[in-house]
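Good morning, colleagues. Please bring the model up on your screens, and I shall take you through several of its elements in turn.

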Amino acid sequence: MAGLGDPIKFVKAEDFFNAMNIGDGWKSPTKVVSITVDPPTDLDPSNPSAADYYHGVTVTFDDGTLAAIQFIRPTVFRVRYDPAVKSRDEYGDANSRAILQDYTTRLVKVLDEYRNIRWKTELTEEKKGDEIVYWQLKSEVTFAGDPPKFNDNQDYQVGDGIKLIIYRSPFRIQAIRKLQLLKPLYPMPGSIVSGNADGNYRVIWETSPKTFRWHQHPQHAMLKDIVLDVIKPGHGEYMGFGEQGGTSFAKTPTFMNYFNCDNMQYQQVYNQGPLDSREPLYHSDPYFFEVNANPEHANVTATFIDNFSQIAIDFGKTNAGYIKLGTRFNAMDVYIMTADNARHIVRLQSGLVGRGMLKPRYVLGNHQACYGYSTTKDLNDCVNGYRNAGIPLDGLHADVDFQDEFRTFTMNPDNDPGKMFGDLRGRGIKCSTNITPVISVRDKTQHRPEGYKTLQEGLRDKRFLADVRYTTGTSGYAKDVRYVNYGGGNYYEVDPNDHSKRPDFGDDYDFESMFNRSTEGNWVPYRGAVSYGYGNGTPGHYVDLSTEDNRKWWGQQYEDLFNWGLEFVWQDMTTPAIADAYGDMKGLPSRLVIPTDSTKTKVTHQLAIEAWALYSLNLHKATFHGLGRLAVRKNKRNFILGRGSFATMYRFAGLWTGDNASTWDFWRITIPQVLSVGLNGVSICGSDTGGFEPGRLPGGGEARICPPELLMRWYAGSFLLPWLRNHYVKKDRKDYQEPFNYAEPVPSVVRFYIQLRYSLMQVLYDAMFENILDGMPIARSMLLTDYQDASFFNESQRFLDNQYVCLRDILVAPIMQSAQEKPDQSREVYLPLGNFWYQSNLMPWDDQGSALLAPVEGGTVINYSAPIRSDYDSFRFIVPTFIREGAIIPQLQVRQNVDSDINNPNHLKLNIYPGKDRNYTLYLDDGVSRTSAPTGLPQIVQPMLQAKAENPDHVGGWDEEAKSEFRMVVIEQTTTDPSVNDSARTIVIRKAHDNYGPEAQVGFVYTLVVYYLAGVDPADIEVTVQAQPAPPTTLEFERGSPTGYKSETDLRAVIVRINETIGTSKEVTVTLTPKKA
């Protein structure tokens, strides 16, 4: 606010750490004076025994500062340090908004009960003579019962835990855990034991002798730079870090900045583009994995930094032996978690920050958006184009051009929104519209002579952020205010008094008349503005979302839109993104004083920069709960697509990664972005397919379309990513980007891969359903699915950057380079160790497909040629795709949208591959109802109970209607000897949960296609089918190729058609036995 010299601003990570290294005024605690196990006094008031769930200590240092160290789970601990804190009560028991529960002790209790475990902690001291050398805070599991319902495994065993060593002088922390050796692929004879069969104690996390360093500004008490120094093991590899740019899933030394901002094309701060991981982006997710720090041992350690303001990381850049975590405001608050594998870590993290609700099935379909559609005709023309081209489409996104003069929550009446949305819904199209947080100051217009209801109510009830400024260190005069922003890699100042600096839509208000004029007796709202470019946008106010009442009011504003037929929300400009003449870093003014509920138990006042990411988190929360309250949304699942916020936004919304461009670099970062965000337990995440903004032409200027080759590669490589939306800016920038508008082979290639996606919709949906149970993402890094493969830590690591696995068994290896870059259009594909793999023979339609080729041994690197040709039979080779041995892959018939129809149910086919024993779980429901959600999940039950305890009248978006109305069917394949091609195989279809009849979805018949390798004639395989319960009865089935299928001979498969809705019988056993010679 005071210009470039103002210390209250965003600072590049390298500048932040350079200041620390210079050390001017920086301090560091060196010795522990005392440790106490006494809990704070503000424990969870709803639990009289809350102290039993406090597993922590308060550490007092020689410089008078205090730290809090606390176990949250037996293998999760939290470290907090704030040099301004003077007593343990100041740390307290209350959590930030990022954590699922209001109080830490409540979180511990809820998770203990859900996971069915009990555990304890103990503090001891080690002395040398009379002097304490270190303290040991030890956690230990004392009971581990059955796993939660719908979960396969218990995460803990009796005896699991961590030993935290707190050294007295110099102070440092060391975390030690007993680690098991990784299971070898080819174990030694049982009579030969290598190492300790009971495990080996190893250091899994530790800090340096300068654990904390800090500097508090002498004039601004809230500005307290803190650095946590963590040792970086030489063998360690690091993944995650959220949506930060760069093509590497495993990060190399770099600086990183977390500070939400409207960073068009990822180039505003450093001007290097999407490959530069230093850029602060739209979304902050400061969470990362450390793997292989203890080679040959089963351990993954993860770190989550809970801070809504700027976070800076020196990831081994200035010293290869350290990871320096820096915060500029608030406390240093980190969660460290450790587990045997990455899957368990994902469950631990998503248990802390929460998991999303069950989303509607159409979210997984194909979507189209365009900044340039503005009329009903535009939308209908788009749908006609898709339908005529035979390309399935489920979602259509109406941008701000459909609003009435850019007033949020309105629609241009010329488009007759009720009829427009209704007609589109009748064609199977679900619509969203762009909702930004600005409430326009434009009241009465030609269309609305009665005025803008949302604005009028907000002003009347004083619901907007007030214009209150922190002026210490400045002149305090409006004329001297300068906002600081970045562009093209440079800082620049903007004078808010200068009308010429305001957006091109015009705003002639007097800045001085509003600046810092709000007092208790004279409320004046802060005035900002949003610019959408091209003369579009509006000045406006921003709702104070720190209170339940205002969030409820915000949610009520959606009523007209959803009564008209809107189906979901596109939450845009979420920082909030504000024009640079109205705030700092294209957001709120850093020195604006705003009410915040950063800590859940109270609303306080902070500078906007202190709670930077909280506004957008509350925005998504208010929308999510608001939709849940609408009468028209009764028992309907809601979905929000958000542009960015903080790590915990996934409880409320999916994420798209902001305004990219039609360049190969942006396509190249898409896979590592989705996989990295997925490590946080996110189900829906993706980029704008094809790129939002134009790319640059080699000779200069902008390309008018996304290059055809790039568009085909982007669609093909994304065909099993969770979010698939083509989104581009038209206006005067691009001519088109819908695939049907291109010349061949673009429409045909895109049609093939979207149809293939729709045929695999059940796989995507099962993965999404599994996400709410255990936090696992839909598209998974091979680190999650094949964690036993140690080659990912050395020669195979590069493949983590550009290959992904959908659910467990379909491996996709997209082509990431253009034909100009790689003329032979090939790439190397790595197949993970431990399994054989088949080149995919999956095709969109039942009358397609082929027999299996010979399997390829895991560990193999294949040079795969993937040229784009115009003949249909070659399309499936455009993106290398492989199937794991033993896999069970469901397919559905391709429809133009995912809607169910009892009069025309879809048909379920199970493709079953030879190899090792494996299983698959189907989740069958109607795809739209909240009652489908499983009961008892903590992310559903606890927030609902908590909200109702705080406000008995609360009704929110949480699935209080959850009734487990779904059918869960487990399919298991066993083979007498997987190494023998014609071994007997048994397939068991077992009903595991039954509270729904899926006849409208999958009909009354299902088909098994059981593949064999060369050398087996399907005619030589005998089939029996039996149903349980006992006594066994023969279930009616048909053997052979039904109408519309390729023959058994062509597929080299046994085809069995079972005449019942899958899961009707408690258990169906299909036995396939070679005929005796």
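I987 stands opposite V1070, a residue of strand β52. I should say at once that this is a predicted model. The strand that pairs with β52 here is β46, residues 985–994, and β52 itself covers residues 1067–1074. The two run antiparallel and share six bridges. β52 is also joined to strand β48, residues 1021–1028, by eight bridges, again in the antiparallel sense. Within that second pairing, Q1026 has T1069 of β52 as its bridge partner. R985 lies over the face of Y1012, 4.6 Å from the ring centre.

How is the chain divided into domains? The assignment gives domain 1 as 13–184 + 197–340, domain 2 as 361–651 and domain 3 as 901–929 + 965–1076. The centres of domain 1 and domain 3, taken over C-alpha atoms, are separated by 47 Å.

I turn next to a sheet with parallel pairing. This open sheet has nine strands, in the order β31-β30-β29-β26-β20-β19-β18-β33-β32. Its edges are β31 (685–686) and β32 (688–689), each of which pairs on one side only. Inside that order, strand β20, residues 430–435, pairs with strand β26, residues 568–571, in the parallel sense over four bridges. One residue to locate on your screens is I435, whose bridge partner in β26 is Q571.

Now to strand β8, residues 172–179, where I173 is found. Is I173 buried or exposed? Its relative accessibility is 0%, and therefore I173 counts as buried. Leaving aside residues up to four places away in sequence, I173 touches I69, V79, L164, I165, W205, E206, T207 and T211. With E206, 33 residues apart along the chain, the C-alpha separation is 5.5 Å.

Two helices deserve attention. Helix α11 comprises 16 residues, 614–629, and at 1.5 Å a residue it should span 22 Å; the end C-alpha atoms are indeed 22 Å apart, so expectation and model agree. Of the 16 residues of α11, 15 are buried, and the helix is therefore largely enclosed by the rest of the structure. Helix α15, residues 761–774, has 14 residues and an expected span of 20 Å at 1.5 Å a residue, which agrees with the 20 Å between its end C-alpha atoms. Why can α15 be called largely enclosed by the rest of the structure? Because 14 of its 14 residues are buried. After α15 comes G775, with a positive phi near 85°.

Lastly, the aromatic residues. The structure holds 58 aromatic pairs. In one of them, Y266 and F666, the ring centres are 5.0 Å apart and the planes meet at 75°, so the pair is edge-to-face. This pair links distant parts of the chain, 400 residues apart: Y266 is in the loop between β12 (254–258) and β13 (287–291), and F666 is in helix α12, residues 664–678. Y266 and F666 are both buried. Y558 and F562 also form an edge-to-face pair, at 6.3 Å centre to centre with 65° between the planes. Y558 and F562 are likewise buried. One aromatic cluster consists of F10, F259, Y486, Y491 and W612. Finally, the charged end of R118 sits over the ring of F143, 4.2 Å from its centre.

Terms used. Residues numbered from 1 in each chain as written. Predicted model: local features only at pLDDT ≥ 70, side-chain atom pairs only at ≥ 80, totals over all residues. Heavy atoms only, no water. Expected span 1.5 Å × (residues − 1). Buried < 20%, exposed > 50% of the residue type's maximum accessible area, 1.4 Å probe, protein only. Domains from an automatic or database assignment. Contact = heavy atoms within 4.5 Å. Pairing = 2+ DSSP bridges. Phe/Tyr/Trp six-rings, centres within 6.5 Å; stacked < 30°, edge-to-face > 60°. Lys NZ or Arg CZ within 6 Å of the ring centre and 35° of its normal.
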